[in-house]
There are 2 protein chains.
Amino acid sequence: MPIDKALMAGSTTLLVLSLLAEGEKYGYQMIAELARRSDNTFQLKEGTLYPILHALEKEGRVKSFRREAENGRERKYYRITPAGLALLQDKAEEWRLFSEKVNAVVQGCTPVGA
Amino acid sequence: MPIDKALMAGSTTLLVLSLLAEGEKYGYQMIAELARRSDNTFQLKEGTLYPILHALEKEGRVKSFRREAENGRERKYYRITPAGLALLQDKAEEWRLFSEKVNAVVQGCTPVGA
DNA sequence: TGACATACATCGGTCATCTATGTATAATAT
DNA sequence: ATATTATACATAGATGACCGATGTATGTCA
């Protein structure tokens, strides 16, 4: 069973930027990689990813370009920009802080052996 | 600066149930406790909390009752039910899994020294 | 040549939070 | 006295983010 929608909501941009920090990738590939790396916990939909990528590009966080694959097929790749890396830093720190605080509340209330 | 709205979205129910697992509490108190325990990272609004409490009660996850405080003022307290505890178990496990996977992706992409 | 996986794209609906607003009471200050 | 602030609960409407559905197009394989 995949994760609740609302939980995913706040972290998709962080996840996408994280993937792109590794190197340029195309949309379909990102969906597959995210699923693989999370043991299918993250099953990002195309209807979610593409609008995010377009928005990030409009903000200058990523830059897209077309390139032909080995099979002669053209794909749309995305590369992260310096502004994108900066946003990634912010998002990663925000996530770190947030998850730390959630754990503080949850663990503080429900003793470990629950 | 408080945490991004979307990040909060998926975890408010978990946080509320966690607080109530400790003992019965009233609304205003929960907001204050959440802020205190998270070093003001969580600043839940009344417009967010009360609808959540009402929904949880309708589902039988919590039970409300009125009680007079020392100062003669009446407050509406909430107590978690067995069904509420069960939901808390599920939500806590979901959170654990989710945060683990996010960290796996983020850390896998952005080397520690980022 | 039909079926399927790949690959990109967009629209509309749903759902959760926040902002704003309203009510009421107790405590405090002027 | 009375104005202000903190406490305390409540709801309606706006916003924002994801997903489901759908559409297009191409390469591969039987």
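How many nonpolar, polar and charged residues does the surface near DNA strand D have? The views below come from a predicted model.

**View 1. The surface near DNA strand D, by residue class.** Eight residues here are nonpolar. Seven are polar, and seven are charged. In total, 22 residues surround DNA strand D. Those that come nearest are Thr12(A), Thr48(A), Arg73(B), Arg75(B) and Lys76(B). On the DNA side, sugar and phosphate make up 66% of the strand D atoms that come within 4 Å of the protein.

**View 2. Three side chains of chain B at phosphate oxygens of DNA strand D.** Look for Arg75(B): a polar atom of its side chain lies 2.3 Å from a phosphate oxygen. Lys76(B) has a side-chain N or O atom 2.6 Å from a phosphate oxygen. For His54(B), the distance from a side-chain N or O atom to a phosphate oxygen is 3.0 Å.

**View 3. Helices and a strand facing DNA strand D.** Several elements each give two or more residues to the surface near DNA strand D. Chain A supplies α1 (5–9) and α4 (46–58). Chain B supplies α3 (27–37), α4 (46–58) and β3 (74–80). Which element gives the most? It is α4(B), with five residues.

**View 4. Glu33(A) and its contacts.** Glu33(A) sits in helix α3 of chain A, which covers residues 27–37. Is Glu33(A) buried or exposed? Its relative accessible area is 15%. Buried means under 20%, so Glu33(A) counts as buried. Set aside the neighbours within four places in sequence, and Glu33(A) is in contact with Leu19(A), Glu22(A) and Lys25(A).

Notes. Residues numbered from 1 in each chain as written. Chains lettered and ligands numbered in written order. Predicted model: local features only at pLDDT ≥ 70, side-chain atom pairs only at ≥ 80, totals over all residues. Heavy atoms only, no water. Helix = DSSP H or I, 4+ residues; strand = E, 2+ residues; numbered from the N terminus. Buried < 20%, exposed > 50% of the residue type's maximum accessible area, 1.4 Å probe, protein only. Contact = heavy atoms within 4.5 Å. Near = heavy atom within 4 Å. Polar contact = N/O pair within 3.5 Å; in protein donor to acceptor, adjacent residues only side chain to side chain. Nonpolar A, V, L, I, M, F, W, Y, C, P; charged D, E, K, R; others polar.
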